[in-house]
Amino acid sequence: MEQRPLGRTGADVSVIGLGTWQLGGDWGDVDEDTAGEVLDAALDAGVTLLDTADVYGDGRSEERIRKALAPRADRPFVATKAGRRADPFEAAQYTPENLRAWVDRSRRNLGVDTLDLVQLHCPPPAVYSDQRVYDTLDGFVADGSIAAYGVSVETAAQGLTALEHEGVQTIQVILNIFRRKPLEELLPAAQRAGVGILARVPLASGLLTGKYDEQTTFPADDHRNFNRNGEAFDVGETFAGVPFEVGVEAAREVAAIAGDAVPTAAFALRWVIDQPGVTTVIPGARNVTQVRGNVAAATMAPLSDAQLADLERLYDERIRAHVHDRW
C-alpha cells in the first residue's frame, strides 16, 4: 500500500488507516474475537496507521489494539486522543495534571512507554489557542511520554487556530464527499506548515456506502441512532452532520456517479485519498469484509474529471446548505 509522510513526525503511514471507534463502542456491539479479526485483517492488508482514543469504550479500543499487536514483530503507528474524559465543554479541565493522567492511562492501555501520537480530542474552542496546553504537550515530548502531538477538530477554523502552534504535527478533521470545507483553507495551510492530515468520517458514518435507505434503523447503542441531532456529542460526527434522509438520497446519486463497476464505499474513499494535503484516511470497519472493501480504495485509479465535476455539482445542489456554513 502507498505510504505517505505524516507531517514532520518522521513516520510514513499507509494512505488507508483504520479508525477504531467501533471497536470500543457506540456502533453496536463488536465482540472481542471480531475486533481481533478486524485488526488482523487491516494489518495483514498493509494498514500501518491505527487511530483510537482513550474514551472509545472507556479504553476498550486501546486495550484491544494492545492485544492484537502483542504477537506481531512489526508495530504500526498508533494515534490516540486525549481530553474527552473531562467534561468536553469545560476548557478548565485541560490542566497539566489531567493531561498527564490521560496520557499515562493510554500508555498503560496500549502497553507502551511512548505514545506515537496524542491528539487533543475535539476540545472546547478555547483550548486550541491555550499556549499552556501546548507547553504541557511539549513537556511530554521532551520527557519521552509521547513522540508527537496533534489536534482533532470539528471545524476548519479550529484547525487553522491549531496551526499557529509550531508543535502541532497533525490535524484530524472530518472530510468526505459531503463535507468539503476543509479543502478551502485548512488543507492548503497544513501543507504549507508540513502538518499531516488524518481524514475521519470519510464514509459519512456509512451513508457513502450506498447501502442505506429511508427505512434503515440502527441499534439503541449506535450513535447513528442516539446522536442524529447532536444529543450526545457534535452532530458532525454522525452522518457528517447531514440529515439522514438528505444523505440517503444524495448517496444514491454518488452510487450512480461511481457506476456499477466500482463499490460506492471505495469510490468515496478514493475521493478523499486524492485530495491534496491528505496523509491518511481512517475509515472504521466492524468486520473483515468491510476492512477489505476499504483497503481496495488504495489501488483504485483516481476519479475522472467528469466524476469529480458531478460530485461537486451534487454537493452544491444537495449538501452545501446543510453543512458548509457551520463547519
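These legends go with a set of close-up views of one predicted model.

**View 1. Helix 9, covered along its length.** Helix 9 spans residues 264-273, and 10 of its 10 residues are buried, so "mostly covered" fits under the cut-off of 20% relative accessible area. The buried list reads Thr264, Ala265, Ala266, Phe267, Ala268, Leu269, Arg270, Trp271, Val272 and Ile273. Plenty of elements turn up in the cover: it includes strand 1 (3-5), strand 9 (196-200) and strand 10 (280-281), along with helix 8, helix 10 (288-295) and helix 11.

**View 2. Arg270, a buried arginine in helix 9.** Zooming in on helix 9, we find Arg270. Its relative accessible area is 6%, so Arg270 counts as buried, the cut-off being under 20%. What does the side chain of Arg270 have a polar atom 3.1 Å from? The partner is the backbone oxygen of Met300. Leaving aside residues up to four places away in sequence, Arg270 touches Ala297, Ala298, Thr299, Met300, Ala301, Pro302 and Leu303.

**View 3. Helix 11 and its bend.** Helix 11 covers residues 305-323 and has a bend of about 50° at Asp316. Its buried residues are Gln307, Leu311, Leu314, Tyr315, Ile319 and Val323. Which helices do these pack against? They pack against helix 8 (244-258) and helix 9. Seen from the other partner, helix 11 is among the elements that cover the buried residues of helix 9.

**View 4. The second largest pocket.** This pocket has a volume of about 240 Å³. It is lined by 15 residues, and those closest to its centre are Phe89, Cys122, Glu154, Gln158 and Asp234. If you're thinking about the chemistry of the lining, it divides into eight nonpolar, three polar and four charged residues.

**View 5. Cys122 and Val201, two loop residues with positive phi.** Most residues other than glycine have a negative phi. Cys122 has a phi near 45°, and Val201 has one near 50°. Cys122 sits in the loop between strand 6 and helix 4, while Val201 is found in the loop between strand 9 and helix 7. Are they buried or exposed? Cys122 is buried, at 6% relative accessible area, and Val201 counts as buried at 14%. Cys122 also belongs to the pocket of View 4, being one of the lining residues closest to the centre of the second largest pocket.

**View 6. Asn227, buried in a loop.** Asn227 is placed in the loop between helix 7 (223-226) and helix 8. With a relative accessible area of 0%, Asn227 is buried. Its side chain reaches the backbone nitrogen of Phe233 at 3.0 Å. Not counting residues up to four places away in sequence, Asn227 touches Ala232, Phe233, Asp234, Val235 and Thr238. Asp234 links this view to the pocket, as one of the residues closest to the centre of the second largest pocket.

**View 7. Ala126, partly exposed in a loop.** Ala126 lies in the loop between strand 6 (117-121) and helix 4 (131-143); the loop between strand 6 and helix 4 also holds Cys122. Is Ala126 buried or partly exposed? At 48% relative accessible area, Ala126 is partly exposed. How far is Ala126 from Ala298, C-alpha to C-alpha? The two are 37 Å apart in space and 172 residues apart in sequence. Ala298 appears in View 2 too, among the residues that Arg270 touches.

Notes:
Residues are numbered from 1 along each chain as its sequence is written. This is a predicted model: local features need pLDDT of at least 70, side-chain atom pairs count only at pLDDT 80 or more; totals for chains, interfaces and linings use all residues. Side-chain values use heavy atoms; hydrogens and water are left out. Helices (H or I, at least four residues) and strands (E, at least two) are DSSP runs, numbered from the N terminus. Buried means under 20% relative accessible area, exposed over 50%, partly exposed in between (1.4 Å probe, protein chains only). A polar contact is a pair of N or O atoms within 3.5 Å; within protein, one must be able to donate a hydrogen and the other to accept it, and residues adjacent in sequence count only if both atoms are side-chain atoms. Contact means heavy atoms within 4.5 Å. The bend at a residue is the angle between axes fitted to the seven residues ending there and the seven starting there. On a 1 Å grid over the protein atoms alone, a cavity is a set of points where a 1.4 Å probe fits but cannot get out, and a pocket is an open set with protein on both sides within 12 Å along at least five of seven lines; lining residues have an atom within 4 Å of a point. Grid points are joined across faces, edges and corners, and a volume is the space filled by probe spheres set on the points. Ala, Val, Leu, Ile, Met, Phe, Trp, Tyr, Cys and Pro count as nonpolar, Asp, Glu, Lys and Arg as charged, and the others, Gly among them, as polar.
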